[in-house]
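Student: I would like to take a close look at a single part of this assembly. Could you please guide me through one interface with care, and then place it in its surroundings?

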Amino acid sequence: MNNLGLIISLVLIAGGLIWLLVRSLSGREVERPIIFIFMGVAVSVPLLFNITFSEKATPIVKAVFDKVEYLPEGSRVLISFDYGPSMAPEVQPMSDAFIRHCLAKNHKLFLMGLWATGQSLNADAVERVIKREFPEKVGGVDYVNIGYKAGSQGVLNVIITDFRKLYATDVDGRDLDSLPIFQDIKSLKDMDLLLSVGGGFPGVKEWVQFAGDPGNVPTAGGSAAVTTPLMYPYYPRQLVGLLGGIKGAAEYESELKKHYPQFDKMPTPGVAMMGPQTLAHLMVMAFIVVGNIAFFLGKKRDS
Amino acid sequence: MKRRIPLLITFVVGSVLILSVFFPPAESWGEDFSIFFDIIAVFAFFLGGGNLVRIHGKKLFTRKSDWGFSVVTLAGFFVMLLAGLFKVGNPAGMAGDVTAAGSFFQMLYEWIFNPLGASMYALLAFYVASASYRAFRAKNVDATILLVAAFIILLGRTPLGMYATAWIPDSFSILQIPNLAIWIMTSPNMAGQRAIMIGIALGVVSMSLRLILGVERTYLGVDSE
Amino acid sequence: MKEILMVFLALLLAGGISSAGAQESAPPPDTGTLVVTPAPAPPAPVTNLNAKDKPNDHGAGVVVTWTPSADDVVGSTRVFGYAILRAATPEGPFLERGKVPIGEGVFEDQGSLDEVSPDYMADHVDYYYKVRVISPDTTVYADSEIFGPVQCFGQWFNTNKLPVLIFVLCFTTLAIFFITHARRGAELYIRPLAGIEAVDEAIGRATEMGRPILYVLGLGTAAEIATIASFTILGRVAKKVAEYQTGIIVPCYDPIVMTVAQETVKASYLDAGRPDAYNEDMVYFVTQSQFAYVAAVNGTMLRELPATNIYMGKFFAESLILAETGALAGSIQIAGTDEVAQIPFFVVACDYTLIGEELYAASAYLGREPVLLGSLKAQDYAKAAIMIMAVIGFVAAIVGWDWYVNLFNVPSN
Amino acid sequence: MSTARRTSLIILAAVIILFLVSWFAKFSAVQNTGAPFGISVRDGFYITLAAFCSLAIFSFLYKDNPYYKFAEHLFVGISAAYWMCVGFWSTFVGNFIPKVSRTLSDFFEVPFKSFDIFYFIPLILGILLLLRLSNKYGWLSRWSLAFIVGTTAGLNLIRYLRSDFISQVSNTFVPLVVDWEGIDAFFSDFSLAANGQFIMILGNWVVFIGVFCGLVYFFFSKEHKGFFGTASRVGVWVLMITFGASFGYTVMGRVSLLVGRLTFLFGDWLGLID
């Protein structure tokens with residue numbers, strides 16, 4: 001169904017564009033309703049047939065992926081959920097993808113958060129992603145959720161020397177010392193990678209300034225599209241890499257699928273949202289090209 | 001008198017508001033005046049609504065072409081007006097918020113106003129396509145620059161841009177489309193925006209001054225007196 | 001003029017001094033001494049506690065400053081933040097007024113001037129402050145010594161805004177100088193504005209075609225300068241329209257804007273000597289809702305087929321919908337807006353676009369009155385001044401003249 | 001009866017039948033999921049209505065037609081009344097009444113705040129505005145207009161000067177060189193990497209020169225000849241890059257809006273996607 005829809009629609013669109021090109025070669029302009037139809041098809045077909053495109057990761061995204069990928073198995077990765085429900089549609093695909101990737105690589109996963117409004121989101125990710133897709137992983141051994149603590153960068157400043165000053169237990173009330181995963185963990189400095197997923201304050205920037213830089217721990221993350229340009233100055237010296245907006249999420253998801261056949265069936269909201277976008281962008285560009293060909297040929301003929 | 005007093009009012013109100021910014025005891029005046037403005041605007045609603053009813057009523061009674069559609073406008077207007085002024089079906093009665101969920105007013109908003117507005121807005125996706133087809137032509141140097149900048153940014157937002165330029169070595173990575181797109185957004189785009197904003201700010205200051213000094217007065221219709 | 005210069009110089013001096021005093025480097029982190037202490041000792045208290053009336057406000061504000069605790073260093077776990085407490089007497093009771101994160105040494109205790117507010121803070125009354133260093137363990141903290149008494153009170157002049165006042169005064173002087181200069185009959189050159197030159201031509205075209213002109217004032221209320229600039233352009237256009245005896249349609253988004261537009265168009269017809277040709281229905285109210293307004297104007301464009309569409313004022317997302325529909329109807333389109341995000345759409349879809357500042361200049365340009373042109377001249381001088389300042393700023397950024405850069409950082413209150 | 005008229009009547013009938021079919025299909029579908037009967041009929045109607053309203057607007061893309069006209073006129077009527085009601089309740093009753101009259105506050109069931117004589121200013125100006133309707137005293141409405149324009153001019157002059165003008169100027173103060181370690185290091189490490197030193201320096205230069213030339217373009221009283229001509233040419237190019245880039249960047253947002261609307265039509269209405 002999927003592939004059939006994809007093939008039919010792409011053939012339709014490509015055929016239509018070729019037809020337009022041929023028409024343009026004779027110097028004729030395209031009527032507006034035809035453009036509208038192409039645009040409508042370009043957006044609705046991916047929606048209806050769930051068509052997706054594999055995104056090739058840009059270097060800044062690939063850097064994050066490679067970092068997680070090439071850490072030795074069993075490395076400790078911390079993911080911080082620094083966003084609230086309103087931002088979730090844009091950045092949640094990122095934290096989900098990070099979790100999947102880390103668990104597939106058998107890294108030890110530490111989840112926490114700096115946003116009061118995002119407290120339930122970590123627990124939700126544990127239920128939705130970890131327990132359902134990785135039933136063999138044991139809480140407290142392979143992953144742990146230590147939850148939210150108030151204090152923004154103050155929290156970071158404390159846990160960069162000692163987790164236990166702030167966190168006595170995980171979210172389920174189990175003593176950190178009783179958890180195997182925390183056996184020889186003292187502070188953030190014992191982590192091999194810090195990943196912050198966020199869209200405001202505190203977020204990626206605070207993790208760089210208060211944890212990654214002073215603790216000399218590799219830091220990476222993802223942020224909402226609006227704040228992404230403000231993060232570029234930190235890359236690549238202070239920030240391993242960055243996922244910007246839904247496009248960044250889509251690139252990471254694609255990369256994950258490419259390397260891990262077991263994720264073939266995983267939901268990829270980022271990639272799904274990019275489907276209509278990509279086709280629409282390609283369509284606009286195709287029209288620009290066709291339009292210019294028609295324009296130049298028309299001019300040539302006139303002169 | 002008909003001409004002097006309005007100019008005097010503009011002058012006094014304008015200069016008082018400018019000076020109030022510098023004196024903390026008067027700091028809140030600007031805010032108060034904005035509230036006054038909103039209240040005056042409510043009176044203006046009578047003028048607006050009256051004008052709407054008059055125009056469409058005239059079409060209806062003179063049986064101008066398309067008078068039937070004027071009936072639709074008037075019906076929609078009065079139904080909505082009555083639903084809002086009397087808070088029909090409001091769960092909290094007259095004390096409830098006019099836009100409270102469950103009221104007839106809010107229902108009309110949710111199922112007619114909203115879909116119509118969202119669809120109008122969504123038309124933009126189509127017009128963006130037709131405008132780029134029509135306008136992005138390499139007619140001259142300026143238009144070509146416009147076209148190329150738009151094209152690079154568009155490419156940078158699709159996987160195609162990445163695939164096409166991934167072979168470029170790291171030491172020339174600025175030439176990779178996604179990087180180039182970011183650079184355009186943060187450098188020349190920023191410069192252009194800033195130049196426009198500075199210009200606008202100066203224009204506003206100068207225009208405001210002309211208004212306060214009474215040099216610019218077309219809006220009062222006083223040219224003729 | 002001399003006074004202004006003096007104030008300016010004084011300001012430069014003050015800026016230089018204040019920046020020289022600031023910027024104390026943080027103590028180096030002492031990571032070596034970190035050992036897990038069995039019983040948590042309270043962190044070191046803050047020092048140099050000070051509180052004084054918040055400057056440049058209307059009262060009910062105190063600024064508390066301190067030197068952060070000696071334990072507030074990167075990597076130390078002993079300090080979690082600071083709590084600021086206030087009391088009416090040195091004996092207490094002290095109530096918490098707010099908290100700040102680590103590394104900070106300033107807090108603004110902002111009360112309310114409203115006597116019925118629970119947050120009411122009386123002026124000219126003694127207050128006492130202390131700052132508490134909080135550690136991750138809520139039972140372990142360290143209080144500073146008590147500071148006080150301190151009183152808050154209002155000021156008459158906001159010195160933070162002095163740079164703004166200087167800009168206002170300089171620009172006003174400049175504008176008045178050129179306006180009087182122009183009144184005396186000096187010849188002023190103004191470069192042509194393509195969009196405005198096109199207006200006359202477009203009205204002529206409409207007359208030939210026997211079709212009306214559609215003038216859209218945008219979505220701004222009368223409280224936008226762009227809308228007011230648009231009124232003056234509408235005035236000139238309506239006058240020309242009256243002279244040529246073409247029709248004009250002005251659908252309005254805002255009732256007050258409609259009122260002003262009616263007044264303007266009426267006066268223009270009177271001016272052109274054709275008051276009889278003026279019709280109340282030329283300027284009418286549509287609705288105060290963005291997309292309903294666009295839906296209606298779109299319909300008008302395709303039904304009345306105006307020869308020319310003029311869009312001047314504040315526009316938002318609808319800019320492209322209007323311009324594309326107008327292009328479909330085959331109208332010549334002239335646009336002008338100061339909404340930076342929408343200019344690209346007009347530039348792409350319209351025949352002529354007044355970019356930002358040009359919109360304001362257009363009204364002066366159309367009038368061709370020396371007084372109006374004089375103010376354009378003042379604008380240009382201001383621009384030249386900015387360029388010079390920017391070049392100095394460029395040098396300042398290299399040489400490190402922070403005081404110069406600070407001159408342009410106007411606090412938000 | 002002309003053919004055109006007959007065709008349009010057939011289309012009208014078809015639209016009405018489709019509407020009814022959709023409505024019934026919708027509420028029986030809703031009913032099966034267990035919603036109470038009364039609500040589902042109403043909701044089925046509303047969803048169908050919303051869908052047909054959306055389609056009526058989209059039909060404008062083909063050409064102007066009676067269905068678009070209907071939607072447009074309905075939209076105008078409803079929206080005009082909507083904002084009037086909201087303005088009346090929130091501004092007039094919410095902000096004005098509590099400051100002038102206790103009796104009226106009680107009547108409208110809003111808490112009375114405190115009497116403020118200054119609130120008679122907008123009352124008087126509002127009434128003056130209404131005098132426009134009178135031929136004899138119409139000129140008095142100009143006083144209100146003068147007040148509005150004066151307020152606008154005063155507030156905007158300061159606002160723009162501070163937030164746009166001064167802060168934008170100061171943002172232009174960027175260092176010409178970044179991470180400078182001498183001319184030798186500059187050339188030996190020279191690269192066109194996106195985050196390399198050269199590109200960063202280039203970016204700062206472009207911002208500075210771009211703002212400079214852009215401002216030259218906005219000079220009105222100087223003929224654009226010679227140096228000014230060249231600079232203003234460059235300024236135009238910078239502006240063109242800005243416009244092209246901003247246009248391209250917004251496409252994604254615009255497409256999202258259409259995706260949202262189509263999701264409603266395909267999902268909530270037709271149930272084709274979940």
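Tutor: The account below begins with the contact between chain D and chain B and then turns to other parts.

The model is predicted, and the values that follow are computed from it.

The interface between chain D and chain B may be described by its residues and by its area. Chain D contributes 111 residues to the contact, and chain B contributes 116 residues. The size of an interface is often given as the accessible area lost when the parts come together. Between chain D and chain B this buried area is about 10500 Å², and carbon and sulfur atoms give 83% of it. On the side of chain D, Tyr82(D), Trp89(D) and Arg142(D) supply 7% of the area that chain D buries against chain B, more than any other three residues.

Polar and charged links can be listed next. There are two salt bridges between chain D and chain B. Asp66(B) forms a salt bridge with Lys69(D), and the closest N and O atoms of this pair are 2.7 Å apart. In addition, 10 residue pairs are in polar contact between the two chains, counting pairs in which both residues have pLDDT 80 or more.

Which helices of chain D each supply at least two residues of the side that touches chain B? They are α2 (37-58), α3 (66-100), α5 (120-130), α6 (141-171), α8 (197-217) and α9 (226-269) of chain D. The largest share comes from α3(D), with 26 residues. By residue type, the side of chain D that touches chain B divides into 78 nonpolar, 23 polar and 10 charged residues.

Chain D also meets chain A. In that interface, 14 residues of chain A are in contact with 15 residues of chain D. The two chains bury about 1400 Å² between them, with 76% of it on carbon and sulfur atoms. Within chain A, the residues that lose the most area to chain D are Leu47(A), Leu48(A) and Gln277(A), together 34% of what that side buries. There are zero salt bridges between chain A and chain D, and one residue pair is in polar contact, with both residues at pLDDT 80 or more. The elements of chain A that give two or more residues to this side are α2 (32-49) and α10 (269-302). Of these, α2(A) gives the most, with six residues. The side of chain A that touches chain D consists of 10 nonpolar, three polar and one charged residue.

Chain A itself has 10 helices and six strands. Its C-alpha trace spans about 80 × 40 × 35 Å along its principal axes. Of the 303 residues in chain A, 58% are buried. Among the contacts in chain A with a separation of 6 or more, 74% join residues 24 or more positions apart.

Chain C offers a view of single helices and loops. Helix α2 of chain C (residues 162-183) has 22 residues and should span 32 Å at 1.5 Å a residue; its end C-alpha atoms are 31 Å apart, which agrees. The buried residues of α2(C) include Leu162(C), Phe171(C), Ala175(C) and Phe178(C). After α2(C) comes Gly185(C), whose phi is positive, near 100°. Helix α4 of chain C (residues 225-244) has 20 residues, for which the expected span is 28 Å; its end C-alpha atoms lie 29 Å apart, which agrees. This helix, α4(C), is mostly covered, with 16 of its 20 residues buried. It is followed by Gln245(C), whose phi is positive, near 60°.

Thr246(C) is in the loop between α4 and β10 (248-252) of chain C. Its relative accessible area is 10%, so Thr246(C) counts as buried. The side chain of Thr246(C) makes a polar contact with the side chain of Thr207(C), at 3.0 Å. Beyond its neighbours within four places in sequence, Thr246(C) is in contact with residues including Ile203(C), Arg211(C) and Tyr269(C).

Asp57(C) lies in another loop, between β1 (47-53) and β2 (61-67) of chain C. Because its relative accessible area is 6%, Asp57(C) is likewise buried. Leaving out residues up to four places away in sequence, Asp57(C) touches Pro24(B), Phe153(C), Gly154(C) and Gln155(C). Asp57(C) and Phe157(C) are 100 residues apart in sequence, and their C-alpha atoms are 8.4 Å apart in space.

Terms used:
Residues are numbered from 1 along each chain as its sequence is written. Chains are lettered from A and ligands numbered from 1 in the order in which they are written. This is a predicted model: local features need pLDDT of at least 70, side-chain atom pairs count only at pLDDT 80 or more; totals for chains, interfaces and linings use all residues. Side-chain values use heavy atoms; hydrogens and water are left out. Contact means heavy atoms within 4.5 Å. Buried area is the accessible area (1.4 Å probe) that two parts lose on being put together, summed over both. A salt bridge is a side-chain nitrogen of Lys or Arg within 4 Å of a carboxyl oxygen of Asp or Glu. A polar contact is a pair of N or O atoms within 3.5 Å; within protein, one must be able to donate a hydrogen and the other to accept it, and residues adjacent in sequence count only if both atoms are side-chain atoms. Helices (H or I, at least four residues) and strands (E, at least two) are DSSP runs, numbered from the N terminus. Ala, Val, Leu, Ile, Met, Phe, Trp, Tyr, Cys and Pro count as nonpolar, Asp, Glu, Lys and Arg as charged, and the others, Gly among them, as polar. The expected span of a helix is 1.5 Å times one less than its number of residues. Buried means under 20% relative accessible area, exposed over 50%, partly exposed in between (1.4 Å probe, protein chains only).
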